[in-house]
Amino acid sequence: MTLEEYLDIGVRLELGNHTFEADEIKRFAAKFDPQQFHLDEEVAARSVFGGLCASGWHTAAMWMKQNIAKPYEDNASQWSGPEPLPVLGPSPGFRDLKWLKPVYVGDTITYYRTGLSLRNHPRRPGWKLLTILAEGAGAGDDNVVEFTSSLLIDTGLQSAGQ
C-alpha cells in the first residue's frame, strides 16, 4: 500500500450522516451562532430562510465529527509501505468554505471527504501536506456545505528529507 492509497487520494469516501433536529440546532446556535433564525421558529419563519435552520458552522462542525469518526488509521492494518506507518498531524487550516444551501429541521446530511493531493512540506523534511475536499450533501445529493482542508502528515522520514 502506498501513502497515497493509505490516505485515499482520488477517492470520495462517505463518512456518515447526521439528521438535524430543532433542539440541537438551537443548542448549537445559542453557544456559537446566536442569530434568531437559528433560535426561534417564529422569527425564522419570517426570515429569508422561511423556517428554523442550522448554523453553517453547525453543518461544518458535523463534518468534522463524522471525519473524526472515520479515521485514516482504519487503513493501518493494510499498511505495507516500506517506510513507517504515517502519523496524522495538525491541520494548518481550511479555505474556500461555502454554505450552499440552508439545512432545516429534519434534514439529513451525508458527509464525504476526498483526498485531492499529497505533497512534500516545503519547510519540514519528512512531513507532507494532505489536501482534501470536505462535503456535506442533502437530499438529491446537492451539497449544502463544502470546503478545502489541509492536514500535516508525519512520514517518519525526517532524516531522509523526503
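**Working around Glu24 and beyond**

Leaving aside residues up to four places away in sequence, Glu24 touches His18, Thr19, His58 and Met62 (contact means heavy atoms within 4.5 Å). You're looking at a predicted model: local features need pLDDT of at least 70, side-chain atom pairs count only at pLDDT 80 or more, and totals for chains, interfaces and linings use all residues. Residues are numbered from 1 along each chain as its sequence is written, and side-chain values use heavy atoms, with hydrogens and water left out.

**Exercise 1.** Find where Glu24 sits, and work out what its side chain pairs with.

*Step 1.* Start with the helix: Glu24 is part of α2, residues 22-32. (Helices, H or I with at least four residues, and strands, E with at least two, are DSSP runs numbered from the N terminus.)

*Step 2.* Now look for a charged partner. Glu24 is buried but has no salt bridge, and Arg27, the nearest side chain of opposite charge, is 5.8 Å away. Buried means under 20% relative accessible area, exposed over 50%, and partly exposed in between, using a 1.4 Å probe and protein chains only. A salt bridge needs a side-chain nitrogen of Lys or Arg within 4 Å of a carboxyl oxygen of Asp or Glu. For charge, Lys and Arg count as positive, Asp and Glu as negative, while His and the chain ends are not counted.

*Step 3.* Try His58 instead: its side chain and that of Glu24 are joined by a polar contact of 3.0 Å. (That's a pair of N or O atoms within 3.5 Å, one able to donate a hydrogen and the other to accept it; sequence neighbours count only if both atoms are side-chain atoms.)

**Exercise 2.** Sort the residues of α2 into buried and exposed, then see what covers the buried ones.

*Step 1.* Ala22, Glu24, Ile25, Phe28 and Ala29 are the buried ones in α2. Down the helix axis they fall within an arc of 165°, so they line one face of α2 (the arc uses directions from the axis to the C-beta atoms).

*Step 2.* Turn to the other side of α2 and you'll meet Asp23, Arg27, Ala30 and Lys31, which are exposed.

*Step 3.* The cover over the buried residues includes β1, α3 (36-39), α4 and α5.

**Exercise 3.** Trace the salt bridges that Arg12 and Lys26 make.

*Step 1.* The structure holds five salt bridges. In one of them Arg12 pairs with Glu135, with the closest N and O atoms 3.0 Å apart. Arg12 is in strand β1 (residues 12-19) and Glu135 in strand β5, so this pair ties together parts 123 residues apart in sequence.

*Step 2.* Check the accessibility: Arg12 is partly exposed at 44%, whereas Glu135 is buried at 10%.

*Step 3.* Lys26 meets Glu41 at 2.8 Å, N to O. Glu41 belongs to helix α4 (residues 41-46) and Lys26 to α2, so parts 15 residues apart in sequence are tied together.

**Exercise 4.** Pick out the best-connected residues of the largest nonpolar core and the element that gives the most to this core.

*Step 1.* This core has 27 residues, and Leu7, Phe20, Trp63, Tyr72, Tyr111 and Leu130 have the most contacts inside it. (A nonpolar core joins buried Ala, Val, Leu, Ile, Met, Phe, Trp, Tyr and Cys through side-chain atoms within 4.5 Å.)

*Step 2.* Elements giving two or more residues to the core are α1 (3-6), α2, α5 (56-69), β4 (108-120), β5 (127-137) and β6 (143-154). β6 gives the most, with five residues.
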